[in-house]
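Thanks, everyone. Please pull up the structure, and I will walk you through it.

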Amino acid sequence: MTWGLYFTKNMIIRVGGLDMKKALIVGLNKYPGCALDWCDNDAVAMKSLIESNGDGSPNFEVVPITGSCSKDALFNAIKKLFSDDADIALLYFSGHGADADGGYLCTTDFTDKNLGVKMTDILQLANNSRCKNKVIILDCCFSAKMGESILVNNNSVLGEGVTIIAASQSWQTSAESDEKQHGVFTELLIQGLKGGAADIGGSITPASLYSFVDQSLGAWQQRPVFKTNISQFLPLRIISAKVPKSILRKLSVYFKNPTDEFKLDSSYEYTNALEVEHQVVEPYADSAHVAIFKDLQLFESVGLVEPVGTEHMYFAAMENKACKLTALGLHYWRLSKDRRF
C-alpha cells in the first residue's frame, strides 16, 4: 500500500499507507587492474531482499547500480537519494574503499588523483537531507572512515537521523568469500535480513542487523562499526513474526502482574484426553485451557515464559506446577500492557 495524494489549492496532503522508503544499492566489480569478484552479487542479493518484506509486500523502492560506475554518476545518484523526503533513505555500497583524505568510495573510473566519491561529501548530503532516517551501509575497505572528523569543527559528524553500518574499522580491509560468493560482511547482512536479525515481532532494524553481524564475526576477523544519531529506528525489513502480535498482546492478559505465576494443571495438556491412547489423569484436557497453553508454549519457545520447578512445559501442566515470565518476557509484558504493539 502506498501513500495517496490529495490536492488542494495551496498544498498537497499525503495520507494513509505505509512508510516511504527508497534505496540506492551499489555493487562495483569492474575496477581496471584491481577487479573484485562478488560485489555485483552483493548488490543483487541486497536489492532482492529489501525491495519486499517477508510476506511479499512492497518495502523499499530500489535503484541499483552494478558492475561499473563513474564518480559523477555515483555522486549524482547519492545526491538524488538524499534529496526530497522519505521515511528511510538507504545507501548500500559494495566495492573498493580508500583511506586517503578522510576516505573514499572508489568508482571504476578512479585515478591516483581522483579516487571516487569522498565519504565526507556523502555524509554532508545525508546530514542535510530532509529524510527522517538516513542509513548508510558500506562493505568496503576502511569503511569506518565514514563519519570520522578530519578537521576541527567541520561537518563530518553525524547529523540527526543518520546511521552508519561499516564492514570494517577505519584501518582494516574488508574481505570477500569465494565460498559464499559475497563479501564476508554482506553475507551476514543477507542472513540477518532473511530473519537472523529479526525481533520476536519480525522487525529488522539497523541496530538489530548490526548486532547480528557483530556477534557473528570473531575477534580475529574484520570488525564492523556502528554509528548513529537517532532516537527511534524504523524497520529495514519485516518478516513473519515468531509470535503473532495478536497472541503477544495476551501476555498482559495471562499475567496480570509481572511477577505472577500462571498456575497449570493437566487440563491444559491436549494429549491428556480420553481419546488419546495413554494413561490420562484428571482434570482432563479442556479446550479453553488447551488454547491458552498453546499460547504459553509458543511464548516459552521464544524465551518469554519458562516453567517453574521443571524443565518442560508439559511436566509443568501434568504435575500441577506453573510458568512465569522471563526477563525478556517482562520486557514484552510491559509493551503489551502499554499497548505498544
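Start with D101. Its relative accessibility is 43%, so D101 counts as partly exposed. One caution before we go on: this is a predicted model.

What does D101 pair with? Its side chain meets that of K118 in a salt bridge, 3.1 Å from N to O. K118 sits in strand β8, residues 114-118, while D101 is in the loop between β6 (97-98) and β7 (104-111). The pair therefore ties together parts that lie 17 residues apart in sequence. K118 is partly exposed too, with a relative accessible area of 22%.

Side chains of opposite charge can pair when their charged atoms come close. How many salt bridges are there here? The count comes to seven. I will show two others.

Take K132 and D87. Their closest N and O atoms are 3.7 Å apart, and they form a salt bridge. K132 is in the loop between α3 (119-128) and β9 (133-139). D87 is in the loop between α2 (71-81) and β5 (88-94). That is a link between distant parts of the chain, 45 residues apart. Are these two residues buried or exposed? K132 is partly exposed, at 44% relative accessibility. D87 is buried, with a relative accessible area of 7%.

Next, D295 and K250. Their side chains meet in a salt bridge at 3.2 Å, N to O. D295 lies in helix α8, residues 287-301. K250 lies in the loop between α6 (245-248) and α7 (251-254). So this pair joins parts that are 45 residues apart in sequence. D295 counts as buried, at 8% relative accessibility. K250 is partly exposed, at 31%.

Back to the loop between α2 and β5. S83 is found there. S83 is partly exposed, with a relative accessible area of 26%. Which residues does S83 touch? Leaving out residues up to four places away in sequence, S83 touches K22 and C131. For a sense of scale, look at S83 and H331: they are 248 residues apart along the chain, and their C-alpha atoms are separated by 38 Å.

Now the nonpolar cores. The largest has 35 residues. F82, F93, I122 and I136 have the most contacts inside it. Where do its residues come from? At least two each are supplied by β3 (21-28), α2, β5, β7, β8, α3, β9 and β10 (162-166). The largest share, five residues, comes from α3.

Zoom in on F82. Neighbours within four places in sequence are left aside here. F82 is in contact with A89, L91, I122, L125, A126, S129, R130, C131, K134 and I136. C131 is a name you have heard before, as one of the residues that S83 touches.

There is also a second, separate core. It has 31 residues, including F60, I204, L209 and V213.

Last topic: cysteines. How many disulfides does a search of the whole structure find? Zero. Take C39 as a case. The nearest cysteine sulfur, that of C140, is 9.2 Å away, and C39 is in no disulfide. A disulfide needs the two sulfur atoms within 2.5 Å, so that distance rules C39 out. C39 is buried, at 3% relative accessibility. C323 is buried as well, at 0%.

That is the tour. Over to you for questions.

Key. Residues are numbered from 1 along each chain as its sequence is written. This is a predicted model: local features need pLDDT of at least 70, side-chain atom pairs count only at pLDDT 80 or more; totals for chains, interfaces and linings use all residues. Side-chain values use heavy atoms; hydrogens and water are left out. A salt bridge is a side-chain nitrogen of Lys or Arg within 4 Å of a carboxyl oxygen of Asp or Glu. Helices (H or I, at least four residues) and strands (E, at least two) are DSSP runs, numbered from the N terminus. Buried means under 20% relative accessible area, exposed over 50%, partly exposed in between (1.4 Å probe, protein chains only). Contact means heavy atoms within 4.5 Å. A nonpolar core is a set of buried Ala, Val, Leu, Ile, Met, Phe, Trp, Tyr and Cys residues joined through side-chain atoms within 4.5 Å.
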